[in-house]
Every structure is written in C-alpha cells, then in structure tokens.
Amino acid sequence: MKYKRIKGTRDILPEESWKWQYLEQFITKILEQNNYNLVRTPVFEMTDLFTRSIGEETDVVSKEMYSFTDKSGKNLTLRPELTAPVIRMYIQNNLNQISPVIKLFYIDSLFRQERPQKGRYRQFHQFGFEIIGTPHPESDAEVIQTMVAIYTKLGIRDLKVKLNSIGSRDSRNKYLETLQSALEQHKTKFCSTCQDRMEKNILRLFDCKSQSCQDLLDEFAPPIIDSLSVEDREHFTQVQNFLKISGVDFEVDKKLVRGLDYYTRTTFEITSSLLGAQDAICGGGRYDHLVEDLGGQPTPAVGVACGMERLMLILDQIDTIPARKNKLVYFAVLGENAREKAFEILCKIRNRGVTAEMDFMRRSLKSQMRNAGKKEAHLVAIIGDNEIEENRIILKNMKLGKQQEVTVENIINEILKQLNEVEV
Ligand code: HAM
C-alpha cells in the first residue's frame, strides 16, 4: 500500500465511529438544553485572523499553523482553534443584533503542526462553547459548570478544575513590567526561546516546556494574582463564589496563564489523571477585547473548548459509552425471482425505519447465514425461488432461536412485530 495517512492524523474506523456519533449527540443535547446554538465556520480563514487574535509569539502561531498561499496570492491558514473564527463570524454577521448576549457552540476539526503523541494530533476535534456579550462572573461560572456537568454525566469522576485570573489588560500590562524587572537579572539562565520571548511577549514564558525554565519562574516570577486591580479581584472572587454555589470543586493555579494571547481575567483548565502527560481535557477563559481587536464593537466574552480525542481516551478507559443497539434484519436470498422480491421487501421495510441488509455476494445459504451471524442480525428472512412460488418466507429469530413461515403479504408486519418483542 503506497498511501498512508499523514503523520498526526487519524482514521475513525467503523467500529469507532459509533462512539463519536454517540458523543456528539450527547454533547449537542446538553448544550442545547443550556440554550447554546450550533455554528459552523469554514476550515480555512485569513492567516491574519489567527496571528492577530492568538498572538505572534504563541506556540500556535509561531510554530504550529498550517498556512499557505492560494492561487490568488491570499495568505490562508487551516484553523488551529475556533474562538477567533466564531468571533469573526459574530462580527461579520452582526450577531449582536439578535440579542445582547449570545451563546454559541461548535463541534469541528482543527489543525496544529505539533509533535504527535498520545492525545496530541495534527488534525483533531474540539467541541466548545462561547458566551458573547457579558462581562459578569456568573457567565464564567456557567461555562465551567456546564463543561463539568457534561463530563460528570459521561461518568468521568477523576477531574481537577484549575482556575486563575490574569487580570484585565491594564493590570496585566502593569504585571508584565513587574515580571520584566524581576526576571531581567536571571535572563541568561532561561532557554533561548524564553530569552527571545522576554523581549517580545514575556507572559509566554509560562508556556515553556523546559522544566528548568519552569523552576526559574517558580523561584523568581511574582504571582500574577498579586497585580490584579480591585475590580479584577472582585470579579475573580465572584467567579469562585458562583462555582461554589453550583457545586463545582476547583483549585487556584497561580501559574495558569494559557497559551493564547486573547485571554483577560479568568483562565481555567480541566485535567484528568487518566490522560497522562497531555492531561488537559479542556481549556478556556474570558476574552473581553477579542471582538474589538478583530474590528467589532467592544464586547466581553468567555468560552471553553474540549479536545474530543482526549475525551475519547478517557471514555475508552472508563467504558461508559453504551454498545450500539443493532436490530438488523438480514435477507438471505437464493435465486433470481427471490432476489427481486427480497429487494422489494428490503426497500419497503427500510421505509418503516428498520435497519435491513440483503446479501450482495450471491453466496450459498450456509455462508449467508454465517454472515448474518457475524453481523449479529436479530432476524433473518430466508427467501428462495421455491418459497416465493409457494408464497412463504422463512423468518428466523436469531435471538430467540425460533423460526416460522410467513406469507409475503405478512412479512413486513411480522418483522415489525418480532423486532418489538426482541429484548435489546
Ligand atoms: P486550547 O487550550 O488551545 O484552547 O485547546 C483546548 C483543548 O483542545 C485542549 O485542552 C486539548 O484538550 C485540545 N487540544 C489542543 N491541541 C490539541 C492537539 N494537538 N491534539 C489533540 N487535542 C488538542 C483553545 O483552543 C481555545 N480556543 C479555547 C477557548 C474557547 N477559549 C475560549 N473559548
């Protein structure tokens, strides 16, 4: 085989796709109950949308984007995240006119050229949701609480909610100066990327994967929380208050700044020990300036996104996705006339909402029966030329181990009746 899938991408095979469908439906149901509306955005956008929102010095923009120039010379990028595209859509379509606060969700694929490993891919999927239009702390709490509720309903117990506030833009600018002067004298001890980032965007030092840089930050960086304004502190206290009211346990993580530049005030991540090294199932926060930075009216917002592959890794371990309910009716066919009759019945029964399949290999009855067994068919209708002439079809109930003869006229009703009787 010459062609292989691209490194860092995955095929979702038939036996796995059921779980994805189940999960997507499960998430959609809960988010719709919370009055979020589904949106879809294009797979690619102008590169500048991501550079401006996520930030030039972030890992995502500086190392991981799939960018290309199209034939007309436009610089485009496969979306590495969905918050910026959703906000672009919000501004372009004047969604602020629908309602002052709008709640949107998405389930889609994204692209980041990261080093592939368990739970980290180059094409992956996220579901996420955004509340656009309110600065108030109960909306931050709702986003976190809703995500925790989804995980809990899926049976995940082993969760840690890490919460921080990185302050409004003004407090953060003050903090960046404090950080700069605290780290200046230790600059040469940091890795070369950190040294470069100290000049360009010092907050990004917290994203460094080198343990020695993280140790230096532990030792010398003042906590961002100490630089918060009175209003920022009040907002942070209120977010915690609403989380307590909703029964969500959390811990404050003073180093959690998140790897994207658009955040203000609340940042959070939810982790699970079942994930190993890539332990964040989801991450999010408030981004009160993104709408205006991308050309809209000043509009505060908050949101979160969850990595679906990571969620699936957890669900595979705790095994809480129910098995697919398969009520297959299999038509085993022998002979030309029988095939035509079987095809006619097959089309009719599918119109009645039954999952049905007919043998397409023109094999012996024995191998058709073996095939029906392999597919775990509930009922097998055996139709041969002789039987058609005698107006009878053998209907075998594989679950009950019984069989009976049914007339052609009665076959549909009998199948429907037996399917309802079968324990599934
Ligand atoms: P993020 O932290 O970059 O945030 O990604 C969110 C989640 O996507 C991560 O916690 C992880 O579960 C998953 N993820 C990220 N990269 C990969 C990868 N290479 N392979 C598999 N899963 C991955 C955002 O994307 C923000 N847009 C979240 C947000 C929404 N903030 C506000 N609203």
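# Reading sheets and salt bridges in a predicted model

Guide: In this predicted model, Glu142 and Lys103 form a salt bridge, with their closest N and O atoms 2.7 Å apart. The pair links distant parts of the chain: Glu142 belongs to helix H5 (residues 137-153) and Lys103 to strand S5, 39 residues apart.

Visitor: Is each partner, Glu142 and Lys103, buried or partly exposed, and what are the relative accessible areas?

Guide: Glu142 is partly exposed, at a relative accessible area of 24%. Lys103 is buried, because its value of 18% falls under the 20% cut-off.

Visitor: How many salt bridges does the count come to?

Guide: The count comes to 29 salt bridges. One of them joins the side chains of Arg286 and Asp288, at 2.7 Å from N to O. Arg286 is buried, with a relative accessible area of 0%, and Asp288 also counts as buried, at 14% relative accessibility.

Visitor: What separates Lys348 and Glu344 within their helix?

Guide: These two residues form a salt bridge whose closest N and O atoms are 3.1 Å apart. Lys348 and Glu344 are separated by about one helical turn, because they stand four residues apart in helix H12 (residues 336-351). Lys348 counts as partly exposed at 44% relative accessibility, and Glu344 is partly exposed at 37%. Elsewhere, salt bridges that share partners join Asp59, Lys63, Arg197 and Lys209 into one network.

Visitor: Which side chain of opposite charge is nearest to the buried Arg112, and how far away is it?

Guide: The nearest is Glu114, 4.6 Å away. Arg112 therefore has no salt bridge, since that term requires a separation within 4 Å. The side chain of Arg112 does reach the backbone oxygen of Pro80, at 2.7 Å. Arg112 itself lies in the loop between strand S5 (102-111) and strand S6 (123-132). Leaving aside neighbours within four places in sequence, its contacts include Val60, Tyr66, Glu81 and Phe124.

Visitor: How should one read the sheet that contains S5 and S6?

Guide: Strands of a sheet pair through backbone hydrogen bonds, either parallel or antiparallel. Here eight strands form an open sheet in the order S1-S5-S6-S11-S10-S9-S7-S8, with mixed pairing. Its edge strands, each paired on one side only, are strand S1 (37-38) and strand S8 (251-252). S1 and S5 run parallel and are joined by two bridges; the bridge partner of Asn37 in S5 is Leu104. Helix H1 (residues 14-33) packs on this sheet, touching S5 and S6, and its direction makes about 160° with that of S5. Helix H11 (residues 308-318) lies across S5, S6, strand S10 (280-286) and strand S11 (301-307), running at about 105° to S6.

Visitor: What is the strand order of the three-stranded open sheet?

Guide: The order is S2-S4-S3, and the pairing is antiparallel. S2 and S3 are the edge strands, each pairing on one side only. The twist averages 35° from one strand to the next. Helix H2 (residues 47-54) packs on this sheet, touching S2, S3 and S4, with its direction at about 75° to that of S2.

Visitor: Which residues mark the strand pairings within that sheet?

Guide: Strand S2 (residues 44-46) and strand S4 (residues 75-78) pair over three bridges. Phe44 stands opposite Leu78, and the bridge partner of Met46 is Leu76. Strand S3 (residues 66-69) pairs with S4 over four bridges, with Thr69 opposite Asn75. S3 and S4 form a hairpin with five residues between them, and Gly73 in the turn has a positive phi of about 90°.

Methods. Residues numbered from 1 in each chain as written. Predicted model: local features only at pLDDT ≥ 70, side-chain atom pairs only at ≥ 80, totals over all residues. Heavy atoms only, no water. Buried < 20%, exposed > 50% of the residue type's maximum accessible area, 1.4 Å probe, protein only. Lys, Arg positive; Asp, Glu negative; His and termini not counted. Polar contact = N/O pair within 3.5 Å; in protein donor to acceptor, adjacent residues only side chain to side chain. Contact = heavy atoms within 4.5 Å. Pairing = 2+ DSSP bridges. Axes fitted to C-alpha atoms, helices over the stretch in contact; angles between N-to-C directions.
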